[in-house]
Amino acid sequence: MIKRLKIIIIFLFVPLFLFGQSKYSNEFMTLGVGAKGLALANTQVALCNDVTSGYWNPAGLGFVEKNYQLSLMHAEYFAGIAKYDYGAFSARIDKNQVVGLTILRFGVDGIPNTTQLIDNQGNVNYDRISYFTAADWGILLSYGRSFEQVKGLTFGANVKIIRRRIGDFAGAWGFGLDAGLQYRLKKWSFGLVVKDLTSTFNAWTFNLSEEMTETFIKTGNTLPENGLESTLPRLMLGFGRDFDLGKGFTFMATMDLDMSFDGKRNELISSKILNINPHLGIEFGYKNIIFIRSGLGNMQFEPNFENKKHFTCQINLGVGVNIKNVVLLDYAFCDVGDVSMALYSHVFSLKIMINKFKKNNSLTQNL
């Protein structure tokens, strides 16, 4: 078993050193999912133990308690212009193995195409305006398992399929892998995950009409060419601890360290070789019924008008309600990535947990 664990760890780390710097992409896959994870500033690598593990760390599927789980989330950004949707389902195969399916979509619909607004005679004709959608899709096929030989250890992996489309003009297909580990020791939790394990490659193709090509040339724009872009591996480490405060009250604290290797970024610890983005989360609970959460993330040193750097961060808040251990409603007051003019958004998510289905298709809730 120890030999097998060493092979797994080598499998996780080797890709970080095999690939040189490359253009990174697919940033929509880093936004986070579930109001719980968003409220905790995305600190889920070590603690995720439900259907959302397919996104955060597939090893967390090995700790899923109910046989079937379903999670849904909808959020809007940029004053409702961009829609972000998430859905996931997990099913237990046996006492050690769980599989999952995760679907993400981040898109902007109804974008006006004004490239044909002016005809060949120079006339403006608004009837020539058409509309298109720019959307990014991510599909994760997940597998997680626990090990009877090492109590508290789980392993998980994702097969990742990316579909990006800009109307009928351009599209890309991508493929990648994720892999992770989790370990529970008493009240401590530890996690490790490598996203885009072998790098995720997107193959872009462009389909411009003759009229659009002519417009690009006349306006001095460079014609896009088919090409390949890649997302380099990212390593994420996490740890957390649960505390029993007595009389039904609990407390949880966790910290994640996100490490990227694709060139210098504006993060708390930054260099040309390695960037480290720490984020923290805490949660107070009462009898596993209600939870109050907060997270601290997006920590940076930003220059002001005098070119002096000052520390900035983002504070997220959230609440969760567990209804008979079957339905979990979560709410987060947060700003994903601090990228919109509206500083904070309201995000809601739903999770349903059951053990089996009756033959008449109704649900049997084994609490």
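## Exercises on aromatic pairs and a nonpolar core

W204 counts as buried because its relative accessibility is 14%, where buried means under 20% relative accessible area, exposed over 50% and partly exposed in between (1.4 Å probe, protein chains only). This is a predicted model, in which local features need pLDDT of at least 70, side-chain atom pairs count only at pLDDT 80 or more, and totals for chains, interfaces and linings use all residues. Residues are numbered from 1 along each chain as its sequence is written, and side-chain values use heavy atoms, leaving out hydrogens and water.

**Exercise 1.** Classify the ring pair of W204 and F206.

*Solution.* Start with the rule: rings of Phe, Tyr and Trp (its six-membered ring) pair if their centres lie within 6.5 Å; planes under 30 degrees apart are stacked, over 60 edge-to-face, and the rest tilted. Here the centres are 6.2 Å apart and the planes at 20°, so W204 and F206 are stacked. Now add exposure: F206, at 30% relative accessibility, is partly exposed.

**Exercise 2.** Do the same for F251 and F284.

*Solution.* Their centres lie 4.8 Å apart with planes at 45°, so this pair is tilted. Next, place the partners: F251 is in strand β11 (residues 249-260) and F284 in strand β12 (residues 275-286), so the pair ties together parts 33 residues apart in sequence. Strands here are DSSP runs (E, at least two residues), numbered from the N terminus. Finally, F243, F251 and F284 form one aromatic cluster.

**Exercise 3.** Which ring does the charged end of R184 sit over?

*Solution.* Apply the test: NZ of Lys or CZ of Arg within 6 Å of the ring centre and within 35 degrees of the ring normal. The ring is that of F63, with the charged end 4.1 Å from its centre. Likewise, K195 lies over the face of Y55, 4.9 Å from the ring centre.

Note on methods:
Helix = DSSP H or I, 4+ residues; strand = E, 2+ residues; numbered from the N terminus.
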